[in-house]
Amino acid sequence: MAPSKGPNVGGAKGVAKGGAKGGKSSSLSSASRVSKSKDGPKRPPAKEQKTKPRTAQENLKRKKKRVYTEKELDLPELNQITPVGVIKPKGKKKGKTFVDDAEGMMTILAMVNAEKEGQIESKMMKARQLEEIREAKRAEAEARMKERKNKFDDVKDSIRQKKKGGRGDKAAEPTSIKDSISKPGRSKKKTVAFA
Amino acid sequence: MRSLTEEETRTIFTKLAAYTGRSLNALITPAEDGTQSVFRLQGSRVYYMRKELANLSVSFPREALLSCGTMVGKMTKTGKFRINLTALDLLAQHARYKVWIKANGVMPLLYGGSVLKAHVARFSEDCPENAGVIILDSNDVPLGFGVTARSSAQIAKLDPTSIAVHRQADSGEYLREEDTLFTT
């Protein structure tokens, strides 16, 4: 069905166009004949002709036939996604740029070396600073520990002295009392019991 | 086989400079007898060889050429560079920092272990943290390379069981990675 329809339609169109063209040509020829044959009295029909071509399809078709290129139109370019890597400068050479000469290699190596040494230097500086800080912290902690220990020892000593003093007083009194009251034999027994 | 581009050269030198000092220049500068050595890229692998050898290698088709000179490492698809164990000889000659390990640390290293503080016999002075080091045994034979876990000052205070150097490559790979070491 489809193939049969196609040609029919096309044919019809062709026919129609052909008919229109034919009509146009005939009218033009008749007008020219009329103008040639009679000069003055037949001007109104000429006016009608002026109005016709502006609205007529023939004139429009003529305008369409003039093809403008993109540059002539000077329209803004389409919004296209062009990745950064794709756009290449026009004058530049295509492909990779090799480093085969010793001088080029040496310059690159010198740059890399300088960079690396800078990094190492900064690392070392940082490490030294950190080490200093650590040392200072450690020294501080040690000093604090020592202080605490000293304090503790002082407290211990004071308690010992207190105890000694207390005992000494207490022991001195009873012994003196005991000595005064009790016999020397009993006191000996007590000392043994304490020991 | 082709010579390296500027970017590739920079990445390779940056990586090599992590392990070597200023003497890396000696790799490129022509020797006293006039021979010059160059870096070449074959597939993703980077080789270091004499220039004459590089020129001769052009006569072989790329597919047929398996290896040429000393393999330094591999370029990854993301543009980074991985140093291979085979570059150990180059690195050891121009090393910036070195670690000497005791006999008790050699076998653990060759089996793929890290270097512990207990294994360290000597350490280069003023070595920062995360710096590339060459690991040598007590007879100055290079065994591999790695990255320091701590700075040399801190390592002295570490426990004997704590890691001093993280291993990157060791000579044991010649046996362990025998199948894949030279495959392209």
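**View 1. Burial and make-up of chain B.** In this predicted model, buried residues account for 37% of the 184 residues in chain B. Chain B holds 7 helices and 11 strands. If we look at its contacts between residues at least 6 apart in sequence, 56% of them join residues at least 24 apart. The views that follow take us to a sheet, a helix, a single buried residue and the contact with chain A.

**View 2. An open sheet of 5 strands in chain B.** The strand order is β1-β2-β3-β4-β5 in chain B, and the pairing is antiparallel. At the edges stand β1 and β5 of chain B; each has a single partner strand, so one side of each lacks a neighbour in the sheet. Helix α1(B) packs on this sheet and touches β2, β3, β4 (70-75) and β5 of chain B. The direction of α1(B) makes about 40° with that of β5(B).

**View 3. Strand pairing around β2(B).** Let us zoom in on β2(B), which spans residues 37-42. Strand β1 (residues 2-3) of chain B runs antiparallel to β2(B), and 2 bridges join them. Here S3(B) stands opposite R40(B). With β3 (residues 45-50) of chain B, β2(B) shares 6 bridges, and these strands run antiparallel as well. Two of the pairs are worth picking out: V38(B) has M49(B) as its bridge partner in β3(B), while F39(B) has Y48(B).

**View 4. The hairpin turn between β2(B) and β3(B).** Follow the chain from β2(B) into β3(B) and you pass through a hairpin with 2 residues between the strands. In this turn, G43(B) has a positive phi of about 65°.

**View 5. Helix α1(B) and its buried side.** With 12 residues, α1(B) reaches 16 Å from its first C-alpha to its last, close to the 16 Å expected at 1.5 Å a residue. Which residues of α1(B) are buried? They are E8(B), T9(B), I12(B), F13(B), L16(B) and A17(B). Why do they lie on the same side of α1(B)? Their arc around the axis covers only 155°, which puts them on the same side of the helix. As a reminder, an α-helix has 3.6 residues a turn, so residues three or four places apart point the same way.

**View 6. I83(B) and its surroundings.** I83(B) sits in strand β5 (residues 81-83) of chain B. Is I83(B) buried or exposed? I83(B) is buried, because 23 other C-beta atoms lie within 10 Å, where 20 or more are needed. Leaving aside neighbours within four places in sequence, I83(B) is in contact with K15(B), V72(B) and G73(B). A169(B) is also worth finding in this view: I83(B) and A169(B) are 86 residues apart in sequence, yet their C-alpha atoms are 8.7 Å apart in space.

**View 7. The contact of chain B with chain A.** This contact takes 20 residues from chain B and 18 residues from chain A. On the chain B side, α1 (6-17) and α2 (25-28) each supply at least two residues. α1(B) gives the most to this side, with 6 residues. Sorted by class, the side of chain B that touches chain A has 7 nonpolar, 8 polar and 5 charged residues.

Terms used:
Residues are numbered from 1 along each chain as its sequence is written. Chains are lettered from A and ligands numbered from 1 in the order in which they are written. This is a predicted model: local features need pLDDT of at least 70, side-chain atom pairs count only at pLDDT 80 or more; totals for chains, interfaces and linings use all residues. Helices (H or I, at least four residues) and strands (E, at least two) are DSSP runs, numbered from the N terminus. A residue is buried if 20 or more other C-beta atoms lie within 10 Å of its own, exposed if 12 or fewer, and partly exposed in between; C-beta atoms are placed from the backbone. Two residues are in contact if their C-beta atoms, placed from the backbone, lie within 7 Å. Ala, Val, Leu, Ile, Met, Phe, Trp, Tyr, Cys and Pro count as nonpolar, Asp, Glu, Lys and Arg as charged, and the others, Gly among them, as polar. Two strands pair if DSSP finds at least two bridges between them. The expected span of a helix is 1.5 Å times one less than its number of residues. The arc is that of the directions from the helix axis to the C-beta atoms. Axes are lines fitted to C-alpha atoms, for helices over the stretch in contact, and angles run from 0 to 180 degrees between N-to-C directions.
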